[in-house]
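The exercises below concern a single protein chain. Please inspect the sequence and the coordinates before attempting them.

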Amino acid sequence: MTRCFTLPDLYAGKMHALVYRAWQRRVKGRDWYDFEWYVRWNISLNFAHLQERIREFNGEIIDQETFMNQLREKLATTDIEQVKDDVIGFVDNPHELDIWSNDYFLQLADRIVFKE
């Protein structure tokens, strides 16, 4: 049996990892890189799938506004230099990361499109 996921479902999984990966003591730059990719390609976020992941893994029932507040808090407070250091070895052109800042990622959050 093979499980198949749509891009909006995969996006939900990535957002869950980006916001809730607190149990690891380091950030994963790939989560941030992928977040940027989903927003740039205007992929819609399947919030229902994200809610289910949060309920299943974190035992929380959460609405979209609360999630966005948590996301913005994470984006505003994470050490972006640490994020860059984690991903730089996997990027062909390291100057692509020059734009990365807390402010840049907060702007990306404002561009999230939610799946209807």
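Five exercises follow, each with a worked solution.

The model is predicted: local features require pLDDT of at least 70 and side-chain atom pairs pLDDT 80 or more, whereas totals for chains, interfaces and linings use all residues. Residues are numbered from 1 along each chain as its sequence is written, and side-chain values use heavy atoms, with hydrogens and water left out.

**Exercise 1. The nonpolar core**

Task: Describe the largest nonpolar core and the surroundings of I112.

Solution.

Step 1. A nonpolar core is a set of buried Ala, Val, Leu, Ile, Met, Phe, Trp, Tyr and Cys residues joined through side-chain atoms within 4.5 Å. Accessibility classes are assigned with a 1.4 Å probe on protein chains only: buried means under 20% relative accessible area, exposed over 50%, and partly exposed in between.

Step 2. The largest such core has 33 residues, and F35, F67, L71 and I112 have the most contacts inside it. Two or more residues come from each of α1 (7-20), α2, α3 (47-58), α4 (64-77), α5 (80-87) and α6 (102-110). Helix α1 gives the most, with 6 residues. Helices here are DSSP runs (H or I, at least four residues) and strands are E runs of at least two, numbered from the N terminus.

Step 3. With neighbours within four places in sequence left aside, I112 is in contact (heavy atoms within 4.5 Å) with Y11, M15, F35, V39, L45, M68 and L71.

**Exercise 2. Aromatic pairs**

Task: Classify the ring pairs W37 with Y38 and W100 with F105.

Solution.

Step 1. A pair of aromatic rings is described by the distance of the centres and the angle of the planes. Rings of Phe, Tyr and Trp (its six-membered ring) pair if their centres lie within 6.5 Å; planes under 30 degrees apart count as stacked, over 60 as edge-to-face, and the rest as tilted.

Step 2. The whole structure contains 9 aromatic pairs. In one of them, W37 and Y38, the ring centres are 5.2 Å apart and the planes lie at 85°, so this pair is edge-to-face. W37 is partly exposed at 35%, whereas Y38 is buried at 8%.

Step 3. W100 and F105 have ring centres 5.0 Å apart and planes at 80°, so this pair is also edge-to-face. W100 is buried, with 3% relative accessibility, and F105 is buried with 0%. Both residues belong to one aromatic cluster with W32, F35 and Y104.

**Exercise 3. A nonpolar surface patch**

Task: Which residues make the nonpolar surface patch of about 520 Å²?

Solution.

Step 1. Patches are made of residues with over 30% relative accessible area and no salt bridge; like charges are joined within 9 Å, and nonpolar side chains (Val, Leu, Ile, Met, Phe, Trp, Tyr) within 5 Å. The areas come from the Shrake-Rupley method with a 1.4 Å probe, and for residues only the protein chains shown count as cover.

Step 2. The patch is made by F5, L7, L10, W37 and W41. Among these, W37 is found in helix α2.

**Exercise 4. Salt bridges**

Task: Analyse the salt bridges of D31, D34 and D110.

Solution.

Step 1. Side chains of opposite charge can pair when their charged atoms come close. The criterion for a salt bridge is a side-chain nitrogen of Lys or Arg within 4 Å of a carboxyl oxygen of Asp or Glu, and the count comes to 8.

Step 2. D31 pairs with R21, their closest N and O atoms being 2.8 Å apart. This pair joins helix α2, which holds D31, to the loop between α1 and α2, which holds R21, across 10 residues. D31 is buried at 2%, and R21 is buried at 18%.

Step 3. D34 and R30 meet at 2.7 Å, N to O. They are 4 residues apart in helix α2, which means a separation of about one helical turn. D34 is buried, with 13% relative accessibility.

Step 4. K14, R21, R30, D31 and D34 are linked in a network of salt bridges.

Step 5. D110 and R72 meet at 3.3 Å, N to O. The pair links helix α6, with D110, to helix α4, with R72, 38 residues apart. D110 is exposed at 54%, while R72 is partly exposed at 31%.

**Exercise 5. The backbone at N42**

Task: Where does N42 lie, and what is its phi?

Solution.

Step 1. N42 lies in the loop between α2 (29-40) and β1 (44-45). N42 is exposed, at 52% relative accessibility.

Step 2. Most residues other than glycine have a negative phi. Phi of N42 is near 55°, a positive value in a residue other than glycine.

Step 3. The C-alpha atoms of N42 and R111 are separated by 8.3 Å, although their positions lie 69 residues apart along the chain as a sequence separation.
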